[in-house]
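Grab your viewer and a coffee. Here are a few short exercises to work through with the model open beside you.

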Amino acid sequence: MGAGSLGGVSRREEIAANLTAVRERIDRACEAAGRSPEVISLIVITKFHPVEDIAHLVDLGVTDIGENRDQEAGAKMAELDPAVRSQLTMHFVGQLQTNKAKSVVAYADCVQSVDRPKLAGALDRAVAARAGDAGGEASLDVLLQVDLGEGEDAGRGGIPPAELTHLAETVAGTHRLRLRGLMAVAPLGLDEEGTAAAFARLADLAQEVRTTHPEATILSAGMSGDLELAVAAGATHLRVGTAILGSRPDRR
Ligand SMILES: *Cc1c(COP(=O)(O)O)cnc(C)c1O
């Protein structure tokens, strides 16, 4: 099926079929791992895809979406029908410059890519500034992105495991950020065994963080190509793009 080439109804059906297939993959992976599918949240990564696709997704029962670039994400969130927007939890999953913190906290419900103390500080101040405007007690859910690349620069972002405890303390010490868990992208170029080992390492780190921060229960791992391995390792949140929305034009 050609992506979008047959008009709105067909695009909706295409997304619906892909969504069903992914949900079946998740169900099978849960069954194999002896886990309940109800504990898994599916986040559809909508980067590079138009805002109409987000409306289709909501219509099809999707509750969580993710984006990785501030400019694109902000524009799409502004464009979304407020009634549709209010049904969604929006996750920011991309590498983030501190000068974009203010922009991101205006639309994101969760920032999954906190990878350095300086960014945590910038996000905390941005949430406080917003809360001040609204006179409220606003807070922001955040995940710490971990680099599972074993020192090799796989270019996928995240804090080295050795610095994770310090970053967790920094986030926990802010007024406005709520430390909800960890996120990682599997290093590039690993086979199944290597990816499984990387996710197992992530799960160990998550358990370590939870001994001092019990509220950090989220484990965000697994994408279109490796969601089964992430479910086996204990992921609670999967971030799936291509398998649901089709391939993205490479704009980098
Ligand atoms: C794009 C992206 C995904 C989704 O990847 P697919 O392979 O398309 O499923 C997941 N996580 C992050 C951080 C991404 O940038």
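The exercises below go residue by residue and then turn to the ligand; keep in mind that the model is predicted.

**Exercise 1. Work out where K76 sits, and decide whether K76 is buried or exposed.**

Start with the secondary structure: K76 belongs to helix α3, which runs over residues 70-79. Next, check the accessibility. K76 comes out at 7%, and the cut-off for buried is under 20%, so K76 counts as buried.

**Exercise 2. Find the polar partners of the K76 side chain.**

Take the backbone partner to begin with: a polar atom of the K76 side chain is 2.6 Å from the backbone oxygen of H49. Then go for a side-chain partner: E72 and K76 have their side chains joined by a polar contact of 2.8 Å.

Now widen the search. Leaving out residues up to four places away in sequence, K76 touches T46, K47, F48, H49, P50, V51, I54 and E67. Keep F48 from that list in mind, as the next task picks it up.

**Exercise 3. What is unusual to look for in the backbone of F48, given that F48 is not a glycine?**

Locate F48 before anything else: it's in the loop between β1 (41-45) and α2 (51-59). Then read off the torsion: phi is positive, at about 70 degrees, even though F48 is not a glycine. Last, the accessibility: F48 counts as buried because its relative accessibility is 9%.

**Exercise 4. Which residues surround the ligand, and which side chains have polar atoms beside it?**

List the shell: I45, K47, N68, V93, V185, M223, S224, R239, V240, G241, T242 and R248. Sort these residues by class and you get 5 nonpolar, 4 polar and 3 charged.

Now the distances:

- S224: an N or O atom of the side chain is 2.5 Å from an oxygen atom of the ligand.
- R239: a polar side-chain atom is 2.8 Å from a nitrogen atom of the ligand.
- T242: a side-chain N or O atom is 2.5 Å from a ligand oxygen atom.

To finish, look at the cover: on its own the ligand has 390 Å² of accessible area, and the protein covers 88% of that.

**Exercise 5. Place E193, decide whether E193 is buried or exposed, and find how far its C-alpha is from that of L229.**

E193 is in helix α8, residues 192-212. Its relative accessibility is 68%; the cut-off for exposed is over 50%, so E193 counts as exposed. For the distance, go C-alpha to C-alpha: E193 and L229 are 9.1 Å apart in space, with 36 residues separating them in sequence.

Definitions and conventions:
Residues numbered from 1 in each chain as written. Predicted model: local features only at pLDDT ≥ 70, side-chain atom pairs only at ≥ 80, totals over all residues. Heavy atoms only, no water. Helix = DSSP H or I, 4+ residues; strand = E, 2+ residues; numbered from the N terminus. Buried < 20%, exposed > 50% of the residue type's maximum accessible area, 1.4 Å probe, protein only. Polar contact = N/O pair within 3.5 Å; in protein donor to acceptor, adjacent residues only side chain to side chain. Contact = heavy atoms within 4.5 Å. Near = heavy atom within 4 Å. Areas by Shrake-Rupley, 256 points an atom, 1.4 Å probe, with all protein chains shown as cover. Nonpolar A, V, L, I, M, F, W, Y, C, P; charged D, E, K, R; others polar.
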